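Here is a short, friendly briefing to read alongside the structure. Please keep the viewer open as you go through the points.

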Amino acid sequence: MDKSGDKKDLYIPEELPLLPVRDVVIFPYMILPLFVGREKSNAAVEAALSRDRLIFLATQKEMADEEPAPSDIYTLGTVAMIMRMLKLPDGRVKILVQGLAKGRLKEFVAEDPFFSVKVERVLEPPMAEITIEIEALMRTVRAQLNQLLGMGRSLPAEVQVVVESVEDPGSLADLIASNLGLRAGQAQDIIEILDPVERLLRIKDILAKELELTTVQARIQNQAKEEMGKSQREYFLREQLRAIQAELGEADGRTEEIAELREKLRKAKPPAEVRKEAERQLRRLETMHPEAAEYSMLRTYLDWIVELPWSRSTRDNLDLKKARTVLDEDHFDLEKIKERILEFLAVRKLKKELKGPVLCLVGPPGVGKTSLGKSIARALGRKFVRISLGGVRDEAEIRGHRRTYVGALPGRILQGIKQAGTNNPVFMLDELDKVGADFRGDPSAALLELLDPEQNHAFSDHYINLPFDLSNVLFIATANIMDPIPSALKDRLEVLRLSGYTAEEKLAIARQYLIPRQRDANGLKEPDVRFTDPAVLKLITEYTAEAGLRNLEREIGKICRKVARRFAEGKANPVSVTESGVRRYLGAPRYLPEEERRESEIGVATGLAWTEVGGEILHVEVTTMKGKGELILTGHLGDVMKESAQAALSYARAHAPEFGIDPDVFAERAIHVHVPAGAIPKDGPSAGVTMATSLISVLSGRKVRKEVAMTGEITLRGKVLPIGGLKEKALAAVRAHIETVIIPRRNEKDLEEIPRHLRKKLRFVAVGVMEEVLAEALEPKA
């Protein structure tokens, strides 16, 4: 216990109940009402009232913390007396406390049912006398306070009286600090300064800053009043003018029209530059005759300006769990894209001013690129706008036409923004790879500014001819392939690839999304038609051959329509679509599994190819016949594949003895390389190993294993070069029931992109040279 100090009659027990307070710091001699609602705090108040009414008040570090831990409470606080207590109907307690002396929390004795702490009295250094300097400092502080009060700051009259009469610098500092409305952290810094003079100096600095802020605030208010006075004067003169026109019989609907435009402009809250130009055009419109040729053009222009969402935006849904739930509800798998959207939300949550990224979803048709954009907008709580760029060849489609042209309008970008009604929608640019160009300009060049976060904060449309901020828009482009997109535009895109789906993934998606959607679209209920898993798998493997889901949904829709017809005809029995029943509804299967490779053969190798609609398998056939060493290539092959065949032949001739090939065969026989489905053009740099394997197989008489597929390009030295589209090719291998896939060793890193369940179905063999390919693909010679 402590009985010493500046109030010798004050007795402070060693142990006191602790009441954590938030957003306020209690100084000695301060009288303040407190509302107590937390269970622990109520218990602390009850304990204090049952003893000597003394309680230790300390501020918690975080105001929002409902259950502060000992480490969340400042150690220096104030020992206070509970003067009055009133229980409120809502269960809270209102107490009136008076600060007595500073104390330091030494130790937490108990935490339940309330905080009980050991408190040490904190004494300020004694002052021998009030020097001239200290007296001058106290007068300065009083003068600052009076000046602040003269500028409109309010302070209770009794406090003003005490300020003038108090002679102790520490007490003066505490009294002013407790009535300035300081933030909790700032007030805590002051109470922790034990030296009275140093504490008063800090108060002097705070008062000086408050005076400066109040002066600037007063100046701003005066300017606002002057502007308001000017506006009121203009309004009064306009009203007078309108009354005069009415008396003269000149008033008409045009005046109301212009007033309506001016009101819309005020509500639109455009930037100052836009407002200035719009006001100038409005004044022109006021003086223009309605029959003038330019009148309707100017009126349309002003309509666009006032209707664009210059300041309207939607608030982002920053609840990551809710956003994840929305994304999972709408789309199966697609983890990388979902993670990217959640990362954007997380950064947006931490940083308010964030430029929207420019995402580009690349994948074959039907994998859900467009629907994913809608899902992203729903997860973010934003509006969704979509424009298709397929076949767009005119730059004015993007940037708009100049107002001098008859029928000019803004470009499709600002049209979409107006349609959304907010300046931060999710904006989908569909079919980016289908943009064309002709004599009217290159639209992809106009997209460069649009999709650059460093430039689109001031996007200028030719029609509006004023900067519009697009930096808050989340642009999402879609494309089937990246090759047609100009390199400068690619550089601005964050590419996210969507590959095709496996049969198991398609089955899951059909169960969760496609079947319920088609059932609902055709007026059926869940008991009316059910699909068994084998039936859906038969649809996937024998009635569709695609990387996406569009045709699968179409086939499900056909079955649902046939079932709907049965119900419409009065045959109301529920239908269960089984594997055998699919043929009855849809006829003979359209796609059958490859029959050619039921057994290992000489001269036939299975390759893997990437196409715009996903992965495909290719059978490369080679045969020989009497001739003079000529190489015949058929199957509608492109230049790259023809060169691959030449390279494979050169490699085989150079290494003929190693593979047991008679060197004379190259001069005595013709070699024919054929890739079936000759009507379909084929090209690409990944068929080299397949051609070389098939060629060496027929020349050496060794069979190619039927369960092996391969991909990769070769050099004349027999090295296997890396390829692209590994995931799509792996999906094609699974669809064709391939067991082993030979890939270039430098593509091993890409195996991480392939889902785990897909990797379990295939055995991947990484090779670096052609000898390793042949060892895996060819059977020993019989």
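In this predicted model, strands β8 (residues 384-388) and β9 run parallel and are paired over five bridges. The notes below stay with β9 and its neighbours, then turn to a helix further along the chain.

**Strand β9 and its partners**
- Within the pairing with β8, Ser388 has Asp430 of β9 as its bridge partner.
- Strand β12 (residues 474-479) is also joined to β9, in parallel, by four bridges.
- One contributor to that pairing is Val426, whose bridge partner in β12 is Leu474.

**How β9 is enclosed**
- All five of the five residues in β9 (residues 426-430) are buried, so the strand is largely enclosed by the rest of the structure.
- Both of its faces are covered: one side carries Val426, Met428 and Asp430, the other carries Phe427 and Leu429, and all of these are buried.
- Asp430 therefore belongs to a strand that is largely enclosed, and Asp430 is itself buried while serving as the bridge partner of Ser388.

**Helix α19**
- Helix α19 (residues 550-568) has 19 residues, which should span 27 Å at 1.5 Å a residue; its end C-alpha atoms lie 27 Å apart, in agreement with that expectation.
- Its buried residues are Leu552, Glu553, Glu555, Ile556, Gly557, Ile559, Cys560, Val563 and Ala564.
- These buried residues pack against three helices and two strands: α17 (503-521), α18 (533-542) and α20 (581-586), together with β14 (529-531) and β15 (575-577).
- Just after the helix, Gly570 adopts a positive phi of about 95°.

Key:
Residues are numbered from 1 along each chain as its sequence is written. This is a predicted model: local features need pLDDT of at least 70, side-chain atom pairs count only at pLDDT 80 or more; totals for chains, interfaces and linings use all residues. Side-chain values use heavy atoms; hydrogens and water are left out. Buried means under 20% relative accessible area, exposed over 50%, partly exposed in between (1.4 Å probe, protein chains only). Two strands pair if DSSP finds at least two bridges between them. The expected span of a helix is 1.5 Å times one less than its number of residues. Contact means heavy atoms within 4.5 Å.
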